[in-house]
Amino acid sequence: MMGRMTRITGDETRTTASATARTPAATAPPEHPGAPTRAWRKRLLVAGIVLAALNLRPAITSFGALLEEVRDGLGMSGSVAGLLTSLPALCFAVFGVTAPRLARRFGPGAVVCAGMAAIATGLLVRPFVGTTAAFLLTSGLALAGIAVSNVLMPVIVKRWFPDRVGSMTGLYSMALALGTASAAAVTVPVTDALGGDWQAGLAVWAALAAAAVLPWLAFVRDGGGTPGSGDGRPEERPAGQAPVLRITRSRTAWALAVFFGLQATAAYITMGWMAQIFRDAGVPAGRAGLLLAVTMVMGVPLAFVIPRLAARLPRQGPIVLALGISGLIGYAGLYFAPAGGAWAWAVLLGVANCAFPLALTMVGMRARTGGGVAQLSAFAQSTGYLISIPGPLLVGVLYQHSGGWGLPIALMAGLMVPQMIVGVVAGRDRTVEDEAAG
């Protein structure tokens, strides 16, 4: 009974978790020889999850904070800079799709460990390559590591902490937001402390990624440590696993994919360009970085609050609308008074960017089974990141050819309207199993 209750896989997650709560015998006795080892490994895994989450955005926001210096140093045009701000979404779509296959072959722990190593290598090398093309390639290496880790982290959370998915997702989201905000806030001051050397200012973030490799080394050989097997072997596929859903038949899945894509578009435009918008409005570089940090740090508390609030509501449409209205007001402020009300616009856009943890929460709520959640998550994220690719690039092109930020900001505000519409549709109280079965 003990072995069966601790082996949690796919569609068995909810059933096993509830049975565990009802069955006292499912709790391991203190004298169980494997209990201390499992407890130690879980604590190490929590540290690994937090460190990995901290590294999933600094490659992007550190570049955004020093965009002007990088452009000058490499002779980069506005269109190419726009391509760089679109690169994260492209890499997430291309490499993220490969993550499940890699995890099946090598184990999720090994893939995440390799992902952290790729981030560290890419961040260390890219500032010193000397050409725009090489900068793009090495940025792609770091972003590939982020992409596979981004996809597999929720899988590891689901397997190891089936009864604490909400709290662990909140912890993961808070760490991600903290890493995002920290890179935006301190990259410019660190660069100044290093004598104004933008190359060193970007390279220092490789140290954080290198630190994240260490806890994952313990999970390389057992593939992320599925808790059901005391020997660390990967979990077995259940014999009665539900059939694969035809996920593209689900209107909810499509709505959630588009919502995910549009919120990702807004997030990457913000991370890549908002500091430059403030700088062009006359805000000093250091303060512009702090404003971007404020926008990002809003996700730290809200990433914990919004999923819990969303889980209590049968429909998440009201939250979608509240976040969207916040974004529209923030964009209007950037258009009419970018410097005068800079702190207010930074806060409002930070609130709007919290559509990301809401999207992750809705993925879990719009499917009944573990298999359905996995399929919906893969579809929504891969499709969503593909949708988000053109946005940051288009902003760069519009900025270069219009000579100002009026048209780019109008584009950002315009995209918020369909985001709100599809978000309301995705937030309806229904599941993909009802729409895509058969």
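# Notebook: a helical chain, looked up piece by piece

**Entry 1. Overall make-up.** I counted secondary structure first: the protein chain has 22 helices and zero strands. The model is predicted. I then looked up burial. Of the 438 residues in the protein chain, 53% are buried. The accessible surface comes to about 17700 Å². Carbon and sulfur atoms hold 66% of that surface. I also checked the contacts with a separation of 6 or more, and 82% of them join residues 24 or more positions apart.

**Entry 2. Confidence.** Mean pLDDT for the protein chain is 81. I find 85% of its residues at 70 or more. Two stretches caught my eye. Over residues 1–35 the pLDDT stays under 50, and the model gives this stretch 42 contacts beyond four places in sequence. Residues 223–242 are also below 50, with 33 contacts beyond near neighbours in sequence. Where pLDDT is low, predicted coordinates should not be read in detail. I leave the details of both stretches alone.

**Entry 3. The core.** I asked which residues touch the most other members of the largest nonpolar core. They are Ile49, Val70, Trp216, Phe259 and Leu358, out of 125 residues in that core. Helix α13, residues 251–280, gives the most to this core, with 18 residues. I followed Ile49 further. Setting aside neighbours within four places in sequence, I find Ile49 in contact with Met153, Val157, Phe161, Met168, Tyr172 and Trp216. Trp216 is thus on the contact list of Ile49 and among the core members with the most contacts to other members.

**Entry 4. Two residues of helix α10.** Ser173 sits in helix α10, which spans residues 165–193. Its relative accessibility is 5%, so I log Ser173 as buried. Beyond residues up to four places away in sequence, Ser173 touches Ala303, Pro357 and Leu360. Thr180 is in helix α10 too. Thr180 has 4% relative accessibility and counts as buried. With neighbours within four places left aside, the contacts of Thr180 are Arg57, Thr61, Met271 and Met296.

**Entry 5. Pro307.** I moved on to helix α15, residues 299–312, where Pro307 is found. Is Pro307 buried or exposed? At 11% relative accessibility, Pro307 counts as buried, because the cut-off for burial is under 20%. Outside four places in sequence, Pro307 contacts Leu302, Pro357 and Thr361. Pro357 was also on the list for Ser173. I then took a C-alpha distance. Pro307 and Ser167 are 140 residues apart along the chain, and their C-alpha atoms are separated by 9.1 Å.

**Entry 6. Arg287.** Arg287 lies in helix α14, residues 285–297. I log Arg287 as partly exposed, at 45% relative accessibility. Its C-alpha atom is 10.0 Å from that of Trp343, with the two positions 56 residues apart along the chain.

**Entry 7. Salt bridges.** How many salt bridges does the structure hold? I count three. Side chains of opposite charge can pair when their charged atoms come close. Arg279 and Glu68 meet at 3.8 Å, N to O. Arg279 lies in helix α13 and Glu68 in helix α5, residues 67–74, so this pair ties together parts that are 211 residues apart in sequence. Arg279 also forms a salt bridge with Glu69, where the closest N and O atoms are 3.1 Å apart. That pair again links helix α13 to helix α5, across 210 residues. Glu68, Glu69 and Arg279 thus make up a network of salt bridges.

I checked the cover on each partner. Arg279 is buried, with a relative accessible area of 16%. Glu68 is partly exposed at 30%. Glu69 is partly exposed at 26%.

The salt bridge of Arg430 and Glu435 has an N to O distance of 3.9 Å. Arg430 is partly exposed at 34% relative accessibility. Glu435 is partly exposed as well, at 22%.

**Entry 8. A nonpolar surface patch.** Which residues form a nonpolar patch on the surface? I list Leu321, Ile325, Ile329 and Val424, with about 310 Å² of accessible area together. Helix α16, residues 317–336, supplies the largest share, three residues. Val424 lies in helix α21, residues 406–426. Val424 has a relative accessible area of 34%, so I log Val424 as partly exposed.

Note on methods:
Residues are numbered from 1 along each chain as its sequence is written. This is a predicted model: local features need pLDDT of at least 70, side-chain atom pairs count only at pLDDT 80 or more; totals for chains, interfaces and linings use all residues. Side-chain values use heavy atoms; hydrogens and water are left out. Patches are made of residues with over 30% relative accessible area and no salt bridge: like charges are joined within 9 Å, nonpolar side chains (Val, Leu, Ile, Met, Phe, Trp, Tyr) within 5 Å. Accessible areas come from the Shrake-Rupley method with a 1.4 Å probe; for residues, only the protein chains shown count as cover. A salt bridge is a side-chain nitrogen of Lys or Arg within 4 Å of a carboxyl oxygen of Asp or Glu. Helices (H or I, at least four residues) and strands (E, at least two) are DSSP runs, numbered from the N terminus. Buried means under 20% relative accessible area, exposed over 50%, partly exposed in between (1.4 Å probe, protein chains only). A nonpolar core is a set of buried Ala, Val, Leu, Ile, Met, Phe, Trp, Tyr and Cys residues joined through side-chain atoms within 4.5 Å. Contact means heavy atoms within 4.5 Å. pLDDT is the predictor's confidence in each residue, from 0 to 100.
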